[in-house]
Amino acid sequence: MFDYRAAFESAVEQVKGEGRYRVFADLKRVAGQFPVARRRRADGTEQDVVVWCSNDYLGMGQHPAVLDAMTAEIAATGAGAGGTRNISGTTRSAVDLEAELASWHGKEAALLFTSGYVANEATLTTLQRILPGLIIFSDSLNHASMIAGIRNGGCERHIFAHNDLTHLEALLADAPADAPKLIAFESVYSMDGDIADLKGTLALARKYGALTYLDEVHAVGLYGETGAGVAERDGVLDQIDIIECTLGKAIGVMGGYIAADAVIVDAVRSWAAGFIFTTSLPPALTAGALASVRHLKTHPELRAAHQERAATLKRLFAEAGIPVMDSESHIVPVRVGNPVHCKMISDMLLEDHGVYVQPINYPTVPKGTERLRFTPSPNHTDAMMADLVAAMDRLWTHCNVARRPAAA
């Protein structure tokens, strides 16, 4: 008989042996106190911690406008969606949310999915069914959900070096001129914090007759005059064919969506198994997301505060000689370069200093580039930053991790 249990144990031990075994922190968010949370230790005792790695970038998951909308929707309509939209119909707040999202991105239509991962996987797979012979050109650092969708469709695909438009053009030039093509890329890459050249990519798409598919999950709500993303900031919203975003980061709830021309959205809606056969988002989530989007569109001061907090933390790390990696966005990655050290520092920050930041190890990032990834929000105070930098400074010495020259 095959030893199934031994196979599973071996798989877990392999991850542990490589120093990248993940242990989830038992955290209880406290309404109105973000980024402070309560951590429950293994022995049952509790500890106050400051969360430094949440993708709820603006704290909208705690905002009164969002909470009020969600509780009111539960009182009015109940908890569940009742099934797929094809079987159970669609809730009013979902219809209104899709209209709001389409307008936000300057598109004719939008379509909700249960997560950003599902939105990417389902849409990119489905596009290959709708466009026979499609050739996809994918940035080498695209998210796992994009990679999964591209692979699942089985079409010809080419990976271009990260943000390398020269390499992308060479690949496009070698492809048949009459073949359908799609360039899939992100605006903000969440592990390094760099931003794609949208205008340059769009110029190549026009030159070679390719559609563009832009993942804005780490930019929506955070960039642009109304928060529609880097495409809005750069003035190219009207030139992107398909925009994919999440409701689970800056918007503060859960879900994902695409926005595009109505015929594209209708085709994906009609063909995508990841949409057709999945229970839809419950009305409380869509109502909360709708309230969040409407708030974000009219409050640019949140985005300004967010950028200031990120810039301040980068400066403080640099002044302390902490090896903060170059980043042109709100992402603040600190390089450790070793998975064991990375987890050790993360564990000590949590247990001894009440600082919660997860280690980022392989396969999320390449081996040798292990890091701590900080995402300061407008709610992170100067005092919190001072405590964090002091703790990091002590641990960098204690663990003998390489520093960078301290800023003058």
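**Figure 1. The second largest cavity of the predicted model.** The second largest cavity has a volume of about 40 Å³. The structure shown here and in the following views is a predicted model. Lining this cavity are Asp-139, Phe-160, Asn-163, Leu-165, Phe-185, Ala-196, Asp-197 and Thr-201. By residue class, the lining of the second largest cavity comprises four nonpolar, two polar and two charged residues. The search for cavities of 30 Å³ or more gives a count of two.

**Figure 2. The largest cavity and the residues around its centre.** The largest cavity holds about 140 Å³ of space. Its lining consists of 15 residues, and those nearest the centre are Arg-85, Leu-112, Phe-275, Ser-280 and Leu-281. Two elements, β4 (109-113) and α11 (273-276), give two or more residues to this lining. Nine residues of the lining of the largest cavity are polar, five are nonpolar and one is charged.

**Figure 3. The second largest pocket, lined in part by β5, α6 and β6.** The space in the second largest pocket amounts to about 150 Å³. Ser-138, Asp-139, Ser-140, Ile-147, Ile-150, Arg-151, Arg-157 and Ile-159 form the lining of this pocket. At least two of the lining residues come from each of β5 (135-139), α6 (144-153) and β6 (156-160). Helix α6 provides the largest share, with three residues. The lining of the second largest pocket divides into three nonpolar, three charged and two polar residues. Asp-139 appears in the lining of this pocket and also in that of the second largest cavity.

**Figure 4. The salt bridge between Lys-297 and Glu-100.** Side chains of opposite charge can pair when their charged atoms come close. In the structure as a whole, 19 salt bridges are found. One of them joins the side chains of Lys-297 and Glu-100, with an N to O distance of 2.8 Å. This pair connects distant parts of the chain, as Lys-297 belongs to helix α12 (residues 283-297) and Glu-100 to helix α4 (residues 92-104), 197 residues apart. Lys-297 has a relative accessible area of 21% and is therefore partly exposed, whereas Glu-100, at 14%, is buried. The cut-off for a buried residue is a relative accessible area under 20%.

**Figure 5. The salt bridge between Glu-169 and Lys-207.** The closest N and O atoms of the salt bridge between Glu-169 and Lys-207 are 2.7 Å apart. Because Glu-169 is part of helix α7 (residues 165-174) and Lys-207 is part of helix α8 (residues 198-208), the pair ties together parts that are 38 residues apart in sequence. Glu-169 counts as partly exposed, with 24% relative accessibility. Lys-207, in contrast, has a relative accessible area of 57% and is exposed.

**Figure 6. A salt bridge within helix α14, and a network of salt bridges.** Lys-343 and Asp-347 form a salt bridge through their side chains, at 2.8 Å from N to O. The two residues are four positions apart in helix α14 (residues 339-353), so about one helical turn separates Lys-343 from Asp-347. Lys-343 is partly exposed at a relative accessible area of 22%, and Asp-347 is likewise partly exposed at 37%. Elsewhere in the model, a network of salt bridges links Arg-38, Glu-46 and Asp-48.

**Figure 7. A nonpolar surface patch formed by Phe-2, Tyr-4 and Phe-8.** Phe-2, Tyr-4 and Phe-8 make a nonpolar patch of about 420 Å² on the surface. Phe-2 is located in the segment before α1 (4-17). With a relative accessibility of 56%, Phe-2 is classed as exposed, because an exposed residue is one over 50%.

**Figure 8. Thr-286 in helix α12, with Arg-404 as a distance reference.** Thr-286 is situated in helix α12, the helix that also contains Lys-297. The relative accessible area of Thr-286 is 1%, so this residue is buried. Between the C-alpha atoms of Thr-286 and Arg-404 the distance in space is 45 Å, and in sequence the two residues are 118 residues apart.

Technical notes
Residues numbered from 1 in each chain as written. Predicted model: local features only at pLDDT ≥ 70, side-chain atom pairs only at ≥ 80, totals over all residues. Heavy atoms only, no water. Patch = residues over 30% accessible without salt bridge, like charges linked within 9 Å, V, L, I, M, F, W, Y side chains within 5 Å. Areas by Shrake-Rupley, 256 points an atom, 1.4 Å probe, with all protein chains shown as cover. Salt bridge = Lys/Arg side-chain N within 4 Å of Asp/Glu carboxyl O. Buried < 20%, exposed > 50% of the residue type's maximum accessible area, 1.4 Å probe, protein only. 1 Å grid on protein atoms, 1.4 Å probe; cavity = no way out; pocket = protein on both sides within 12 Å on 5 of 7 lines; lining within 4 Å. Points joined across faces, edges and corners; volume = space filled by probe spheres on them. Nonpolar A, V, L, I, M, F, W, Y, C, P; charged D, E, K, R; others polar.
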